[in-house]
Each structure stands twice: as C-alpha cells, then as structure tokens.
Amino acid sequence: MRTGRTGRLRAAAVAVLAVAGLLAPAGHAAGAAAHEAGAETQEAGVQQAGAGTQEEDDDAGPAAPAEYSYLQKAVPGLPLPRHAYDTAAAQAEALPATGGTWQGVGPTNIGGRVTSLALDPRHPDTLYAAAASGGVWRSTDAGRTFAPAWPERGTQAMGALATAPDGTLYAGTGEPNPGGGSVTYEGTGVYRSTDQGRSWRAVGLRDSGAVGALAVDPRRPRRILAAATGSLYNGGGDRGVYLSDDAGGSWRRVLDVPNAFTGAVDVQRDPADPDRVYAVLWDHRRVPDRRTYGGTGSGVYRSDDGGRHWHRLGGGLPTADSGRIGLGVAASAPGRLYALVGATDGAFGSFLTSADHGEHWTKLPDSAVLTDSQSSYSWWFGKVWVDPADAGHVHAAGVGLLTTEDGGATWTSEEDAVHADQHAMIWDPRHPGRVYLGNDGGVYRSDARGDGGWTKAVYEPWTQLYTVAATPQDPARISGGAQDNGSIRSWGGDRFNEYLGGDGLQNLIDPTDPDRVYACYQYGNCFRSTDGGATLSEYTDSTTAERRNWLTPVQFDPVDPRVLYYGGDRLNRSADGGATWQPISPDLTGGPGRDSYPYGTITTVAAARDGRTVWAGTDDGRVWVTRDLGAHWTRVLSGQPWVTRIAVDPADPATAYVSLSGYRSGSAQPHLLRTRDAGARWADLSGNLPQAPVNDVVLTGRNTLYAATDQGVFVSGRGGWRRLGGGLPLVPVSDITYDPAGHRLVAATFGRGFYTLRTP
C-alpha cells in the first residue's frame, strides 16, 4: 500500500514546485451579478478521461500545505494584510458569547510541530515547548508530559523561546518557517513571563510578523536580543536584530536589513564570550505571483560588543544569493562554527566550518546523506546544534535528524526513531548527555547525546488538524486529518493512533456503520475500509480528474451513505461505497491558472436529499448546481475567493449556504452567502462575523447556523452572530461536524486538537 508518509520520506527526490502566479478572476459581486451568472448553463458531456495526471506520491513537502493555506487565505492577486489574524481576533472578542463550554478530547499523544525549546534554569527537569500554532507548553517531568503555559485567548502562533538566568521566560510569536500551513497566522511580537508562563506581558516588536530566535545575556538577565524575521507577505515592519537592556521595556534595532523582505531568522551568543554574538539574515518573501526563499540579503553577521555593532562574515562563506543558513556555535572549542547553507531553489547548498569565529571558512565534503536530508526545501530547517562538550559532535536539522561525530566529514541520518522534520534542540546542562528535540511530531528526549535512545512525550495536545469525522452511533469515535501526522482515529488502540500516513486530510465515518471509514492524504489519494481502518483499499485510480486539490473533498450523500462524491476538477460519484466511480460533470473550474500547484479544483461538494440536486464549489471562486444528477450544470456564482464549504437545507434543495475564505483588508465583501432559489439570488449573511475566512458552515434544523472561522466558532441568532461557548482557545477551527443524535458539535482546530460542545 502506498501512503503519504512513504512519499514524504522519499521527499529528497521530489522537487518543490515553484509558484509562478495565481489566477485572478475579475470581480463578480453577489446579488444581481450572481443572478446573471446563473444563466450560464453547461451540458455535462461527460466522457471517461482516465485517472488524473498528478503524481500520487508527490506531496511537495512542507511547501504544499503552505501554498494551500496561502492561496486559500489570500484574496487572489493581493497579499495577506498585515495583522489580518489578530485584527479579526479582536473583532471576535468583542462579540457576545453564548453559554456552554468546549471540551478538549485529544489527541494528547500525537503531538505536532514544535518550533523552539527552552529550559528553566531554576527548576530541574522543567522544559518549555513552543507549538507552531498551539501556544507555549511547560513540562516539569523532563519532557514526558506538558501543561499549558500560554493564555488561551492569545495568539497561538509561536516562533521562539528563551529563558533568562533569573527564570524570566520570553516568547517570540509567529512561526518563521514558511511551510506547514500555519505560516499565514502571523505573530504579535515578543512577550515576557516572570511566573513560568502563568501570566504574560506584551513587550514589543508587534510588527515583527515572526520571531526566529531570542538570546538572553547570561550575565545580565534583562539584556535580550531578538531576531525579528518579518512578515512573509508584507515588506517592512520590525526586521533585523533588536536589543533590549530592560527586559523588553524598550528596543532598538542594532542590525538593520538590506531590503524590505530580509529579516533575522537566528541570533546566538557565543557560550565562551557572551559579548560575541552571531546573527543570520534571510531574504525571503511570498507575493501574489512569486515565492522566493533566498536572495542577496541572506548572510551571517558577527558582533564583538554584545550586539551594538556588526559586520558581515565572508572568508569563504557564500555572500551572494543564498537560501536559509543554519549556524552552530561550539562551546568547547572557542571560535569553532558550522554553517549549513541552503540554495536559493531550496536544495542543499553547502556545509562549512570556521575555526576563527567566522573570519575564514572551509567547505566540507558534500555528503549524500546531508544533501538528501534537505530535500528540496532546506528553508524548512536551517538549524545546526553543537554538543556543548564535544565540538566535533554536531546535529543538523533535516527530514531526519543528521549527526556527525567528526566535525562534518561524515554524516548519518536517524529517520526511524523520531518523527520527520527537525526544528529545535536544546542540551540540558544538569544532565550530561541529555538533549531535547522538537520536530513535526512533538517533543523527544535522549539521554545518549542525541545519538539514539529517543523517547517521545506522552502528553502533548497541540496537533494541527485539517478535518474531523464523527458518528452518531458511537460518541467516542472521532477521526481526522492531521498536518504531517496522518489520518488519526480514537479507536483501534488505547489512544489516538495513525491509520493512514502523510498529511492527513479528508476523513469520513459512515453514519450507519462506524466500521466503514474513508481517509485521504494529499492531492486526493484516498482509501476506504470496512473494518474501521485496520485494512485499507485505495480508490484514487478509479476516479477521473486532471487536477486534485491538496485537500480533495469526499462527501456522503445525505440519504444513502453508500453514495459518495469526490471532487477533482470534475465531480465523481460512487454508488457502491467507493468501489467504483463515474464522473458526472465536466471541468467545473476556470482551469489550472498559472500556479505550478494543481489548483483549479473542486473544494467542496454538497448533495441534497432529493437524490438529484448536487452543489459544488471551487478554489477559483465558482459555485455550480445540478438539478438532474449531473446531466446539466449551472454556474450560479463566480468571481469569489476560495469557496470553502456549501451546506444544503435538508428540507429544500434550492436553499444553500456558501462559505468563503480570504482576508479582505477590512472590505465589506461577504464571507457567508445564502440562496433560496438555486442560486438565482444571493443574500449576504456575514453580518457581524469577524472579517476573516469562514472555513465551514453547518446548518442544524432550519434556523441555526454554525460558522467555523480562523478565530473560533460562531452561531447565528437574533441580533447577529455570537461566539459559541467558552473554553476554546484562540485557534483556527478548520472543520466542524454535527452529531444530531448527541446534539454536539465536534471541531478540528489547527493547533489544539479536537474539541466538542453540547448544543441545545
């Protein structure tokens, strides 16, 4: 059986597809213009065209979920607005809340991406972990279990952690790694806690977008340096290296950047001389028609006076265009440095070492192991960690964990003992040989210098989820798709477990038979099972599509779950539980556009209960309906942002609700529309919803709507929209499903796992 995880481990052979541009359709307002679009009727003319051309195991690494997120959240042709997320979050906080309390239901054992780690210098075995979109967490048992150490209603996007000698904890918000889906949720600056994360105070650099690293002076606990990475989508703002002498009370930029899209991604103090400081600048940007993760602004800098003055290092270190650079500083051999240089196209560039604080560099022999570890996305890693007791013993970040025992002459890769994609490492000075590792699977600990002996945390509830499935027959059964952690289920073991690899995406549980389940990984590679996922049969090749979205929609018929719909660029239908499929539409999109990624696809499907009416929405802003099961299709809406979901009134197939994505820079464009006449006319239901993407809409009964957004879940009612319940962190809600038997909503959050709430 092929799985997405297999494809991910082969990622060295997969080129990251460059994004050439976006399809930018002309504006087409709701209302009268939409009514005109409804007149466009197209004969289906369906012919068997064979399976799609997208390579089934080509997951394009972490670029794919980043592009999926970016293209969905941005209005075509425009960058993401600065502070889009936290502006909408403030709007959400201002709304009244309903009663009820959300309850977290896991997973607690799967984990998710960890971007930074820090040790508490005053409390043994106390470790802090920053989750990419799940806040800060504290462990007091040497990384075995974690508890929240971050406010639930604060931004959950995290980039860097550091502790001062007096125990003060600093957090830099916003993930600097431009992949994995959470990069669209920028941070809100640097925060400080003096009580182990129980309370926090914002201390500046609000316009930093992301913070790559923080470095505290071990002799002066109130002196801290911050590597402000900057917004990936907007030039300017807080960028470069900043110095504070008063614990963040005030900041001054001490290392400027050469252009508007270069930022600081790392800053480190030399353990042998804290006044000697190194910083890494990185030139990278994402604009509507280009993704560039390297440039002339990338480079390594050194300061010999605590960060006040800097000079760029050369002496054999690349000074022309380069990608992201990872820097390692040796504690046991003063002057010894290592640099892992990425190429501008994302591939491995070179590995170098210096014995004189970076004045002169020697390029070390290329290693196939090291080269393969970077795949085609070296910008996802950019980290080198040197054993404090042995300058020749070095670890480097890659798909697997890279290790050299001879200063970079030879390398080994550990891929089986730990999860893929390494991002953070810290050595515990209290325990010789103890090292903690953070990657896309969570937190690991080794007491063997990081050379094996890894144990994974058993309680780390910060999984990034894309989808959720539940069943009215068994409230304990929940499944969903997780970022780089596969499709996971709550049954089949004592705890949540992965039953299909890769990036977990669409999941379904048959409402009449909980053992009949469906799961997909990226680009519509989908499987079915009749034994709860114990064995899986792939059906991708039975479908017809030339393009499949990274998150390909698969949905049940609301009356007969043996009938399913699968959307590529054409809509497919199965009447036998997914065993065989037939296309029932032509290409419903405007074509693939200028992207290299296979967009121009169906993103949502909703069938009515009459057995004839089916609705479909696309990533290029189109909504279609057929009233005769695909013989004819009518385009009833176009020119919108990405269509995220369609919900059909169970009592009226002509009444449908359409949710739309896209941050709109404060414009009044709708995020939620309703038609009661099969798309002839549309009403804007956005009302007082936050100006943010609506990721899902669920209709219960005929009068109550639930909307899942990047800022939480909202319920319609008299007087407008209200925040639904309490206890849900400020985390994007990717997907919701309603269990009518249990009167409950189940939500998939992108950073804090699954939550449930009882409804009236």
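**Exercise 1. State how many aromatic pairs the ring-pairing rule finds in this predicted model, then classify the pair W379 and W380.**

Solution.
Step 1. The rule gives a count of 26 aromatic pairs in this predicted model.
Step 2. For W379 and W380, the ring centres are 6.4 Å apart, and the cut-off for a pair is centres within 6.5 Å.
Step 3. The planes of the two rings stand at 70°, and an angle over 60 degrees counts as edge-to-face. The pair W379 and W380 is therefore edge-to-face.
Step 4. Both W379 and W380 are buried.
Step 5. Ring pairs also link a cluster made of Y68, Y466, W550, Y599, W642 and F750.

**Exercise 2. Describe the largest nonpolar core and find the element that gives the most to it.**

Solution.
Step 1. The largest nonpolar core contains 61 residues. Those with the most contacts inside this core are L317, W361, M425, W454, W550 and Y663.
Step 2. Elements that each supply at least two residues of the core include α3 (63–73), α4 (84–93) and β16 (273–283).
Step 3. With six residues, α3 gives the most to this core.
Step 4. Take W361 and leave aside its neighbours within four places in sequence: its contacts include L313, L317, L327, L337 and Y338.

**Exercise 3. Decide how far helix α3 is covered, and name the strands its buried residues pack against.**

Solution.
Step 1. Of the 11 residues of α3, 11 are buried, and the helix is mostly covered.
Step 2. Among these buried residues are E67, Y68, Q72 and K73.
Step 3. The buried residues of α3 pack against β17 (285–287), β18 (290–292), β49 (643–649) and β53 (694–700).

**Exercise 4. Explain why strand β12 is largely enclosed, and find the partners of A227.**

Solution.
Step 1. Five of the five residues of β12 (residues 224–228) are buried, so the rest of the structure largely encloses this strand.
Step 2. I224, A226 and A228 point one way from β12, while L225 and A227 point the other way; all are buried.
Step 3. Strand β11 (residues 211–216) is joined to β12 by five bridges and runs antiparallel to β12. Here A213 stands opposite A227.
Step 4. Strand β13 (residues 240–244) also pairs with β12 over five bridges, in the antiparallel sense. The bridge partner of A227 in β13 is V241.

**Exercise 5. Identify the edge strands of the open sheet β41-β42-β43-β44.**

Solution.
Step 1. Four strands form this sheet in the order β41-β42-β43-β44, with antiparallel pairing.
Step 2. β41 (554–556) and β44 (582–583) each have a single partner strand, so one side of each lacks a neighbour in the sheet.
Step 3. The partner β43 (residues 571–574) pairs with β44 over two bridges, and R573 stands opposite Q582 in β44.

Notes. Residues are numbered from 1 along each chain as its sequence is written. This is a predicted model: local features need pLDDT of at least 70, side-chain atom pairs count only at pLDDT 80 or more; totals for chains, interfaces and linings use all residues. Side-chain values use heavy atoms; hydrogens and water are left out. A nonpolar core is a set of buried Ala, Val, Leu, Ile, Met, Phe, Trp, Tyr and Cys residues joined through side-chain atoms within 4.5 Å. Buried means under 20% relative accessible area, exposed over 50%, partly exposed in between (1.4 Å probe, protein chains only). Contact means heavy atoms within 4.5 Å. Two strands pair if DSSP finds at least two bridges between them. Rings of Phe, Tyr and Trp (its six-membered ring) pair if their centres lie within 6.5 Å; planes under 30 degrees apart count as stacked, over 60 as edge-to-face and the rest as tilted.
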